[in-house]
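Work through the exercises below with the model open. Try each task before reading its solution.

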Amino acid sequence: MAKVQLTPEEIAAKKIRRSNGWTRFWAIVVALVLVVGASGFVASKAKTARTEAEEALKELAGVCSIAVVKLGARGSLVRKGSEVLKVDALPVRKVIDTTGAGDYFAAGFLYGLTCGYPLEKCGRIASLLSSKVIQVVGAELSPARWRTIRQNIENL
């Protein structure tokens, strides 16, 4: 099977074209019950207390192979089987606009999965992307920011 070669920009901008990687990418999305949908589904539960977030994570893990619950500034929880990871959010100087934060989080997590990275690195990439988009107005990052993000991903 060919390795999927997608950049975080392509996933975030939904510019994925039909290719050998298309089928595998969507298979991953279906297996996950898509990070955005899954975390959005339990967002109200996850915001109230960590125990509720853990309950939501357990519930999601019952219907998909990898479950992710976003906790905003508190990071995220990731579960695959009995393995549960807490991924910290990256600190930011100033939150300007949260538009696109969830989409960028999902894009980063899915990018990590398509690259075959461990779940912890997938979560850190997701946190990195969402931390960058909340520091600008709107949901578009400049080419210069994307270059910095790519360099940061290599060092995670």
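**Exercise 1: Strand pairing**

Task: In which sense do E1 and strand E2 (residues 76–80) pair, and over how many bridges?

Solution. Start with the pair itself. E1 and E2 run antiparallel and are joined over 5 bridges. The model is predicted. Now pick one bridge. Val69 has Leu77 in E2 as its bridge partner.

**Exercise 2: Sheet order and edges**

Task: Give the strand order of the open sheet of 3 strands. Then explain why one side of strand E1 and of strand E3 is left without a neighbour in the sheet.

Solution. Step one: the order reads E1-E2-E3, and the pairing is antiparallel. Step two: E1 (66–70) and E3 (83–87) stand at the edges. Each has a single partner strand, so one side of each lacks a neighbour in the sheet. Step three: add the twist. Neighbouring strands are turned by 15° against each other on average, direction ignored.

**Exercise 3: Helices on the sheet**

Task: Which strands does helix H6 (residues 101–114) lie across, and which does H7 touch?

Solution. Take H6 first. H6 lies across E1 and E2 and runs at about 150° to E1. Next, H7. This helix packs on the sheet and touches E1, E2 and E3. The direction of H7 makes about 30° with that of E3.

**Exercise 4: One residue in H7**

Task: Is Ser130 buried or exposed?

Solution. Locate the residue: Ser130 sits in helix H7 (residues 119–133). Read its relative accessible area: 14%. Buried means under 20%. Therefore Ser130 is buried. Finally, list its contacts. Leaving out residues up to four places away in sequence, Ser130 touches Ala101, Tyr104 and Phe105.

Notes:
Residues numbered from 1 in each chain as written. Predicted model: local features only at pLDDT ≥ 70, side-chain atom pairs only at ≥ 80, totals over all residues. Heavy atoms only, no water. Helix = DSSP H or I, 4+ residues; strand = E, 2+ residues; numbered from the N terminus. Buried < 20%, exposed > 50% of the residue type's maximum accessible area, 1.4 Å probe, protein only. Contact = heavy atoms within 4.5 Å. Pairing = 2+ DSSP bridges. Axes fitted to C-alpha atoms, helices over the stretch in contact; angles between N-to-C directions.
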